[in-house]
Amino acid sequence: MHKKSIIELGAGLRAGDFSSVELTHHFIQRIERMNGDINAIITTTPEQALAEAQAADQMIQAGQAGPLSGIPIVQKDIFCTRGVKTSCGSRMLDNFISPYDATVVEKLKGAGMVSLGKANMDEFAMGSSNETSFYGPVRNPWDKSRVPGGSSGGSAAAVAARMAVAATGTDTGGSIRQPAALCGITGLKPTYGRVSRFGMIAFASSLDQAGPMAQSAEDVALLLQAMAGFDAKDSTSANQPVPDYSATLNDSLEGLKIGLPKEYFGEGLDASVATSIKTAIDVYKSLGAELVEVSLPNSHLAVPTYYVVAPAECSSNLSRFDGVRFGYRCEQPKDLEDLYKRSRGEGFGAEVKRRIMIGTYALSAGYYDAYYLKAQKTRHLISDDFKQAFEKVDVIMGPTAPATAFGLGEKMDDPVTMYLNDIYTIAANLAGLPGLSHPVAPVNGLPVGLQLIGNYFAEAKLLNLTHRFQQETQWHRLMPEEMA
Amino acid sequence: MSLDRSDVEKIAHLARMALDEAQVNLYVQELSHILTLMEQLKAADTDDIEPMSHPLHMTQRLRSDEITEVNCREENQAIAPQVENGLYLVPQVIE
């Protein structure tokens, strides 16, 4: 059952081939058997899952089932789940039982999905390898000596190892797309504001966006359908109609213009990954699309801009964790300042502290103009590059990550090298554009992801392209042999 | 641009984070390295460029001033480190 997609499982459930309780049992057993090695899931909720599965079965029998009814999912542990521990991968929230559900969680529950538990992640979503989690690193199911990517590494690994049919993720600088690429699955970061951020623990509020991760574009379309939409509880939620994402999956690609930014194929890109990407782009060409070279001349500014904007916003967002009302509190504080300082010093891990320090510095008196204001201006330049490119093309394509999954521990000593992993994904967050990563031909048995970047609210177009590609190819169906 | 010990200690104080000796030493190295990355922005010509604070250039949405929150005091305090009579306790602030 675990090899099937949401579409296939949904059909099986509605035909009565198996029940959601049986399906849920199957995945609970897989998690028990396989998660010890992978560490993708840090909180399991089997009793709740079976209760939700029972409820879904009743809906299915009553003929009231939707396409997601009874399908097991894992939630990234950044999403608040009522009555269930929501740690955000941090010691700071190790004791935090959320009193409410995130809008995303509520919507997926409402669609009848069964939550198996919470996925491991980089602490407060800060990382590109899932090694900064308080609960230990996640291992890549394709090669357990390697990282799964991050920050949604647990989500990606859980889907890749078929411990869940789907997962939620969040993406601030590539945190859905890069782990999707490194684990061989399909992941979508929607347009900024497309999916509600309510109940999603904030990292960098002008960049954060939630999105779905699954095996195929077809499945991602169903998940996005349930997740997207205006939410009055999120002041940055976009008040835009939500199209039917499944309806346009089969549209023809004839005459569609694909832009290939020359900056995404230059120095720093692994040669074998480049070959794999070019082979995939040729598939699109064979489907009738036209390839056009474009330029995003300010691409080199994306990483430095991001490492001002994101830490600045993170230092402000994470000031709420003070040891007073919830979360970690140090032992025996001698006064209020000691309580703040030691609770934060002991509650946050090294990468989170590093980013809070950078952000605090960038926003401190005398430096604001030189760093934060300057970065907001370079952010505008990066955004304008895309605006100009989209006057000529319908979609932009390139690699998701510069190389395949790297070894555990390999980049932990050098933060700047680690940051360069997100070199191709960060710009879409800065501009607020939707981006998708889907699997293409592996290199030495390790997955490679192709990235598609679309214009604002063009998620349906990205899913259409990917679906047509996945009808022609089988790469998205590959799974680690050991996990079969 | 590089930072020294006193810079790192000052930033840690502003961020209200206690750092031990080893962490201070580590951050002196690492933060300087990251600042070098950030310094790359200086070369960009941004004259006449408006700062971008929001990707969709949206303005803040307003709503009518009505109470929409329900009272969750008990649930919220159940997860607090220390409460008494409905109040959050911290070390004594005023002597």
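Guide: Welcome! Helices (H or I, at least four residues) and strands (E, at least two) are DSSP runs, numbered from the N terminus. This is a predicted model, where local features need pLDDT of at least 70, side-chain atom pairs need 80 or more, and totals for chains, interfaces and linings use all residues. Residues are numbered from 1 along each chain, with chains lettered from A and ligands numbered from 1 as written.

Visitor: Thanks! What pattern does chain B follow along the sequence?
Guide: Chain B contains 3 helices and 2 strands. Reading along the sequence, you meet them in the order α-α-α-β-β.

Visitor: And what secondary structure does chain A have?
Guide: The C-alpha trace of chain A spans about 65 × 55 × 45 Å along its principal axes, while the C-alpha atoms of chain B fill a box of roughly 55 × 45 × 25 Å. The secondary structure of chain A comes to 15 helices and 11 strands.

Visitor: What share of the residues of chain A is buried?
Guide: A buried residue has 20 or more other C-beta atoms within 10 Å of its own; 12 or fewer make it exposed, anything in between partly exposed, with C-beta atoms placed from the backbone. In chain B, buried residues make up 16% of the 95 residues. For the 484 residues of chain A, the share is 62%.

Visitor: What share of the contacts in chain A joins residues at least 24 apart?
Guide: A contact here puts two C-beta atoms, placed from the backbone, within 7 Å of each other. Taking the contacts in chain A between residues at least 6 apart in sequence, those that join residues at least 24 apart come to 77%.

Visitor: Let's go to the interface. Which helix of chain A gives the most to the side that touches chain B?
Guide: Altogether, 54 residues of chain A are in contact with 40 residues of chain B. Helix 9 (302-317), helix 10 (336-347), helix 11 (350-363), helix 12 (369-389) and helix 13 (415-419) of chain A each supply at least two residues of that side. With 11 residues, the top contributor is helix 12 of chain A.

Visitor: Why can helix 11 of chain A be called largely enclosed, and which elements do its buried residues pack against?
Guide: Helix 11 of chain A is largely enclosed by the rest of the structure because 11 of its 14 residues are buried. The buried set includes Val352(A), Arg354(A), Ile356(A), Gly359(A) and Tyr361(A). These buried residues of helix 11 pack against helix 9, helix 12 and helix 13 of chain A, together with helix 1 (5-14) and helix 2 (21-39) of chain B.

Visitor: Which helix gives the largest share of the largest nonpolar core?
Guide: A nonpolar core joins buried Ala, Val, Leu, Ile, Met, Phe, Trp, Tyr and Cys residues through C-beta atoms within 7 Å. The largest one has 162 residues, and Val308(A) is among those with the most contacts inside it. One helix is mostly covered, with 14 of its 16 residues buried. That helix also gives this core its largest share, 9 residues: helix 9 of chain A.

Visitor: Which residues does Ile73(A) touch?
Guide: Ile73(A) is also among the residues with the most contacts inside the largest core, along with Ala158(A), Val159(A), Ala164(A) and Ala166(A). Leaving out residues up to four places away in sequence, Ile73(A) touches Leu108(A), Met113(A), Val114(A), Ser115(A), Leu116(A), Ala164(A), Val165(A), Ala166(A) and Ala167(A).

Visitor: Last one: what ipTM does the predictor give the complex?
Guide: The predictor reports two scores for the complex. The pTM is 0.97, and the ipTM is 0.95.
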